[in-house]
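Take a look at the fold below. Start with the strands, then turn to single residues.

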Amino acid sequence: MKNDKWIVVAGTFDLFHVGHENILKNAARFGCKLAVLVNTDRFAATFKEPLAQSQSARMSQAGSRPQVDICGYNDSPNLMDTIDKWGLDVVGVLFGDDYDLQSYRRQTGITLEWQRERGVALIQIPRTLGVSSTQLRLK
């Protein structure tokens, strides 16, 4: 695993839906291994509405996708620390365009210095329009 190149997708993944599926499929197109970090209930509660699913259910749904090589928890507002703990050679962190770059940096704690030191790109991809966990919870 140490010599592999990795793409990371971090998120809450509540009520796993086609938008989540699409971001994982997009991540797989980079030709790297895919690590998914699911936000713990404790961490997600600091910035999300009450969740519909437990962290174990969310982990199971995200981790069972065929494009996912490893899946684990993120319990920190500093995604850099979580990624560093895994010891993976990460070349990119994917996020949806429902965040602008500065907002994503603030939420994850990813600094430009950390990116430069490790050669990690922040890669913004289009989100799937018309579906979100928030919308699904309201139904």
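This report covers the sheet, the helices that lie across it, and a few residues.

**The sheet**

The model is predicted. Its open sheet has five strands. Their order is β3-β2-β1-β4-β5, and the pairing is parallel. Strands of a sheet pair through backbone hydrogen bonds, either parallel or antiparallel.

Which strands stand at the edges? They are β3 (70-74) and β5 (121-125). Each has a single partner strand, so one side of each is left without a neighbour in the sheet. The sheet also twists: the average is 30° from one strand to the next.

Now take one pair. Strand β1 covers residues 5-11, and strand β2 covers residues 33-39. Six bridges join these two parallel strands. Within this pair, Gly11 stands opposite Val38 in β2.

**Helices across the sheet**

Helix α4 spans residues 79-86. This helix lies across β1, β2, β3 and β4 (89-96). It runs at about 135° to β3. Helix α5 takes in residues 101-108. Helix α5 lies across β4 and β5, at about 120° to β4.

**Two residues of β2**

Lys33 has its place in strand β2. Asn39 lies in strand β2 as well. Buried or partly exposed: which word fits Lys33? Lys33 is partly exposed, because its relative accessibility is 30% and the buried class stops under 20%. Asn39 has a relative accessibility of 5%, so it counts as buried.

Their contacts can be listed too, leaving out residues up to four places away in sequence. Lys33 touches Asp4, Lys5, Trp6, Ile7 and Asp69. One of these, Ile7, is 26 residues from Lys33 in sequence. In space, the two are 6.2 Å apart, C-alpha to C-alpha. Asn39 touches Gly11, Thr12, Ala44, Phe47, Arg58 and Asn74.

**Cysteines and accessibility**

How many disulfides does the structure hold? The count is zero. A disulfide is a covalent bond between the sulfur atoms of two cysteines. Cys32 is partly exposed, at 22% relative accessible area. Cys71 is partly exposed too, at 23%.

The table sets out the residues with their values.

| Residue | Relative accessible area | Class |
|---|---|---|
| Cys32 | 22% | partly exposed |
| Cys71 | 23% | partly exposed |
| Lys33 | 30% | partly exposed |
| Asn39 | 5% | buried |

Definitions and conventions. Residues are numbered from 1 along each chain as its sequence is written. This is a predicted model: local features need pLDDT of at least 70, side-chain atom pairs count only at pLDDT 80 or more; totals for chains, interfaces and linings use all residues. Side-chain values use heavy atoms; hydrogens and water are left out. A disulfide is a pair of cysteine sulfur atoms within 2.5 Å. Buried means under 20% relative accessible area, exposed over 50%, partly exposed in between (1.4 Å probe, protein chains only). Two strands pair if DSSP finds at least two bridges between them. Helices (H or I, at least four residues) and strands (E, at least two) are DSSP runs, numbered from the N terminus. Axes are lines fitted to C-alpha atoms, for helices over the stretch in contact, and angles run from 0 to 180 degrees between N-to-C directions. Contact means heavy atoms within 4.5 Å.
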